[in-house]
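Here's a quick tour for anyone meeting this structure for the first time. Have a look at the chain, then read on for its pockets, its domains and a couple of backbone oddities.

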Amino acid sequence: MESVYLFSSGTLKRKANTICLETESGRKYIPVENVMDIKVFGEVDLNKRFLEFLSQKRIPIHFFNREGYYVGTFYPREYLNSGFLILKQAEHYINQEKRMLIAREIVSRSFQNMVDFLKKRKVRADSLTRYKKKAEEASNVSELMGIEGNAREEYYSMIDSLVSDERFRIEKRTRRPPKNFANTLISFGNSLLYTTVLSLIYQTHLDPRIGYLHETNFRRFSLNLDIAELFKPAVVDRLFLNLVNTRQINEKHFDEISEGLMLNDEGKSLFVKNYEQALRETVFHKKLNRYVSMRSLIKMELHKLEKHLIGEQVFGSEE
């Protein structure tokens, strides 16, 4: 199952057992059988009947504004929710020792994934290893988040050494709005990854509102942000380098906005095409002794967390 991306403006309707997008240029029909979720970037109208259809078919729909920022999600009624697991999630959040175990594991493994990403490209990452040790010694989540933020800034400076065109270097991480080409690409990629993880959480017994590294407060969802940290290097950062160094993305794919930049529709379309390809790519899983897609790896990570919460397996350990 894969995502459907809508950049055109129009009206979303149900037609028999398909999704129909009506635009000025005609109608586009989308069979629902292989749709994991819908990501909407254009200006679309829809009604309650259409949302009921999505809920019946268990398809979340994510909305982004013109600049590509995530706006919100229609999250259908959870069909796999388990009261027992929700209580376990809350228990592991309220108990600081249990919360820190999960949060520390997420940070530690995200650091390791950054190190592996750089080593494959022959970049020394000794400082990130030191941050990993600091994370293991952190006493609370706030301290852990500070260590993670500092490490990621250093990591991005190392990525810059791999960018062939200096105009596309990160220099300093900026957001809402991103100030340069690189930050625009990374922010857009991260937003896509957050919604991909959110849609995969919907296919589990987990509640996306209860995270461990990112605070569970008035934010609608936080668990997807936690799990996405593990996959940013392999999905978003790898895609960023590939698009920039092969010159598939260039300055014509960006538009200026107030105090920053955004990807135009051509740039977004090019990015999501390569993003979906990245999620379909497979890696060899030693334990399973077979190749699995990146999307499947994300879902496996969610199942590992489920098993940890109910006491079947320690999060981060090999099955």
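## The second largest pocket

Let's start with the runner-up: the second largest pocket has a volume of about 850 Å³. Its lining takes in 36 residues, and the ones closest to the centre are Arg175, Arg176, Ser191, Tyr194 and Leu225. Keep in mind throughout that this is a predicted model.

Which elements give two or more residues to this lining? They are β8 (70-74), α5 (141-160), α6 (181-201), α7 and β10 (260-263). The top contributor is α6, which supplies eight residues. Sorted by class, the lining of the second largest pocket holds 14 nonpolar, eleven polar and eleven charged residues.

## The largest pocket

Now for the largest pocket, which holds about 1000 Å³ of space. There are 27 residues in its lining, and Asn113, Asp116, Phe231, Val283 and Leu297 sit nearest the centre. Two or more lining residues come from each of α3 (96-120), α7 (223-231), α8 (233-245), β11 (282-285) and α10 (294-309).

Here α3 gives the most, with six residues. As for the mix, the lining of the largest pocket has eleven nonpolar and eleven charged residues, plus five polar ones. If you're following the helices, α7 is worth a second look: it is listed for the lining of the largest pocket, and also for that of the second largest.

## Two domains and where they meet

How is the protein chain divided? Domain 1 covers 1-58 and domain 2 covers 81-308. Their C-alpha centres are 28 Å apart. On the domain 1 side, ten residues take part in the contact, while domain 2 brings 16.

Together the two domains bury about 1100 Å² between them, with 62% of that on carbon and sulfur atoms. Within domain 1, the residues that lose the most area to domain 2 are Tyr5, Phe7 and Met36, which together make up 47% of what that side buries. The count of salt bridges between domain 1 and domain 2 is one. You can also find a salt bridge between the side chains of Glu2 and Arg280, at 3.0 Å from N to O.

## Two backbone oddities

A bit of background first: most residues other than glycine have a negative phi, and most peptide bonds are trans. Two spots in this chain go the other way.

One is the peptide bond from Arg176 to Pro177, which is cis, with omega near 0 degrees. Pro177 belongs to the loop between α5 and α6. Arg176 has already come up, as one of the residues closest to the centre of the second largest pocket.

The other is Ala16, a residue other than glycine whose phi is positive, near 55 degrees. Where is Ala16 found? Look in the loop between β2 (10-15) and β3 (18-23).

Technical notes: Residues numbered from 1 in each chain as written. Predicted model: local features only at pLDDT ≥ 70, side-chain atom pairs only at ≥ 80, totals over all residues. Heavy atoms only, no water. 1 Å grid on protein atoms, 1.4 Å probe; cavity = no way out; pocket = protein on both sides within 12 Å on 5 of 7 lines; lining within 4 Å. Points joined across faces, edges and corners; volume = space filled by probe spheres on them. Helix = DSSP H or I, 4+ residues; strand = E, 2+ residues; numbered from the N terminus. Nonpolar A, V, L, I, M, F, W, Y, C, P; charged D, E, K, R; others polar. Domains from an automatic or database assignment. Contact = heavy atoms within 4.5 Å. Buried area = accessible area lost by both parts, 1.4 Å probe. Salt bridge = Lys/Arg side-chain N within 4 Å of Asp/Glu carboxyl O.
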